[in-house]
Amino acid sequence: MFRVDPGLAVKATKRQTTPTQVTPKRGPGLPSGQAVPSRSALFSPTSYSPTVTAPSERYESRTGRGDVIASWGPEVADWTADAEPAGPAAPLGPARLQRPYRYMFERLRDRTDVLNAHILALGERLQRHHGLEEYAQPHAVAQEPVCAVGRIACDGQGRLNSKSILLEGGKGTYGEARHVELDVSQVQDVGLFTGQVVAVTGVNPTGKTFVASSIFSSAPPPPADPAHLTHELTLLAACGPFTTAEDLLYTPLRDLLAEAARLKPHLLLLMGPFIDAKIIENELAETYQQLWNRLLELMRTALAGSHTQVLLLPSTADLHAEPVMPTPPLATAAGPFTMLPNPCCFAVDGLVIGATSTDVLMHLSQQDIKLPGPGSSDRLARLSGYLIGQQSFYPLYPAEESVGLDFQHWQQHCQLPVLPHLLITPSDFRGFVKEVSGCLVVNPSRLARGQVGGSYARIRTPTTKDGLFQDKFAVQVLKI
């Protein structure tokens, strides 16, 4: 007779569990034995439904819904848009990013050539804008005051400070791509950051340190063509994440779509991330593209019968988009959707809008210094002014680590071709509206902030009968 090992008998009678038989866990506020729905079930092909799980309790219990965080311009009693639809959004600029491209193949020499060309081109604009004399090489010995152009750099790995500033000249007429220390002790009320192209006047008595007496850092792009708005345009703008960190129900997005269905704005500008890499943790039972298709259907259904155009900008944090900046537009989809690249500058009925989903303001704030002086201390206005003064959606170099910047396409698609009437730059900073150099800068912040709700912006333009002036715009940044 065969004897059965007791240990084997125990193993044979032990309950075998599979992923579909796991003992349900009890969550807070749920009846005993009721399973906590997992993220993998929320968007599975057979179980996608808002009733699968309860929304975030912190989001549902939030206070201050609809409170105005920041406002600008005249008060508006009714934000409902008129019935006349707006024209299509037309991208601006000599080169338009329309499809994905190869990246991560650039050579160091190509990057150097792009950065050098940028110094030379912006240096010429600074020279014309400020009426400066002919440039000299910044590293050359100069006992008498001269003018030089170059890029701001840091002499170490840390944050830029007044004692670590270098001026890097361009190759060719204005230098030999050599660094020279920049002494700014005699300069006041100037903001600097790494990657900024500046023109400086001063002396270099030893050839090692350029002692600056003046710094010129702003050369705004040419103004846009006059707009011809025969009726007011209404715009809602929001930036992702569009769902809380606790669930994937996209409740903030649905709340925003309900507001859009009520107000029927001419334009609804949504900027990624839509499928945020910080929230999605590879727990879905479907592909990212399938999830994106469901979100498109959610928008399409919510805005059915409306004349609202939905403008969609991807983000480098989107799992269904290319992780590179500039980011190509998402694939076209049926419905009221216009797919735009990130960043982009586009016109609607002559109204020029610049937009980017990259938090360039926060990135600039980590490398920005303000030389002391009696001037304005509005830091957010200064950070916004860098984009206009440098004619770029992303003037920072080196770029922040999370931004995969492709320099050859950056040169073609990340510059401001004209001065927009509206510049929308979402950021983790609290929402704000500011007029900078003749441009109205709007930060709608994030629609969802962790486990709670964030904010969005609504904008109404004036007609152009009396001129399209920034003080005639009506803007509100509100809590969702």
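This section describes a sheet, a hairpin, a helix and several salt bridges in a predicted model.

Seven strands are arranged as an open sheet with mixed pairing, in the order E1-E24-E23-E11-E12-E13-E14. The edges are taken by strand E1 (68-72) and strand E14 (337-339); each has a single partner strand, so one side of each is left without a neighbour in the sheet. From one strand to the next, the twist averages 15°. Within this sheet, strand E11 (residues 234-239) and strand E12 (residues 267-271) run parallel and are joined by 5 bridges. Leu236 has Leu268 of E12 as its bridge partner.

Strand E15 covers residues 344-348, and 5 of its 5 residues are buried. Burial applies to both faces of the strand: Cys344, Phe346 and Val348 lie on one side, and Cys345 and Ala347 on the other. Two strands are paired with E15. Strand E2 (residues 90-91) pairs with E15 in the antiparallel sense through 2 bridges, and Ala90 has Ala347 as its bridge partner in E15. Strand E16 (residues 351-355) is also antiparallel to E15, with 5 bridges between them. In this second pairing, Val348 stands opposite Leu351 of E16. The hairpin formed by E15 and E16 has 2 residues between the strands, and Asp349 in this hairpin adopts a positive phi near 55°.

Helix H8 spans residues 379-389. Of its 11 residues, 9 are buried, namely Ala381, Arg382, Leu383, Ser384, Gly385, Tyr386, Leu387, Ile388 and Gly389. The elements that cover these buried residues include strand E8 (191-192), H7, E17, strand E18 (422-424), strand E19 (432-436) and strand E20 (439-443). At the start of the helix, a side-chain oxygen of Asp378 comes to within 3.3 Å of the backbone nitrogen of Leu380. Just after the helix, Gln391 has a positive phi of about 55°.

One of the elements covering H8 is E17, a strand of residues 369-370 that contains Ile369. Ile369 has a relative accessibility of 12% and therefore counts as buried, the cut-off being under 20%. Leaving aside residues up to four places away in sequence, Ile369 is in contact with Leu160, Asn161, Ser162, Ile165, Val190, Gly191, Leu192 and Tyr386. Among these contacts, Tyr386 is one of the buried residues of H8. Val190 is separated from Ile369 by 179 residues in sequence, while the C-alpha atoms of the two residues are 8.4 Å apart.

The structure contains 15 salt bridges. In one of them, Asp255 is paired with Arg62, with 3.5 Å between the closest N and O atoms. Asp255 belongs to helix H5 (residues 251-263), whereas Arg62 is in the loop between helix H3 (57-60) and E1, so the salt bridge ties together parts that are 193 residues apart in sequence. Asp255 is partly exposed, at a relative accessible area of 29%, whereas Arg62 is buried at 14%.

A second salt bridge is formed by the side chains of Glu168 and Arg151, with an N to O distance of 2.8 Å. Because Glu168 lies in strand E4 (residues 165-168) and Arg151 in strand E3 (residues 142-154), this pair ties together parts that are 17 residues apart in sequence. Glu168 and Arg151 are both buried.

A third salt bridge involves H8: Arg382 is paired with Asp368, and the closest N and O atoms are 2.8 Å apart. Arg382 lies in H8 and Asp368 in the loop between helix H7 (360-365) and E17, so the pair ties together parts that are 14 residues apart in sequence. Arg382 is buried, with a relative accessible area of 16%, and Asp368 is buried at 4%. Elsewhere, Glu259, Arg262 and Arg458 are joined into one network by salt bridges that share partners.

How values were computed
Residues numbered from 1 in each chain as written. Predicted model: local features only at pLDDT ≥ 70, side-chain atom pairs only at ≥ 80, totals over all residues. Heavy atoms only, no water. Helix = DSSP H or I, 4+ residues; strand = E, 2+ residues; numbered from the N terminus. Buried < 20%, exposed > 50% of the residue type's maximum accessible area, 1.4 Å probe, protein only. Contact = heavy atoms within 4.5 Å. Pairing = 2+ DSSP bridges. Axes fitted to C-alpha atoms, helices over the stretch in contact; angles between N-to-C directions. Salt bridge = Lys/Arg side-chain N within 4 Å of Asp/Glu carboxyl O. Polar contact = N/O pair within 3.5 Å; in protein donor to acceptor, adjacent residues only side chain to side chain.
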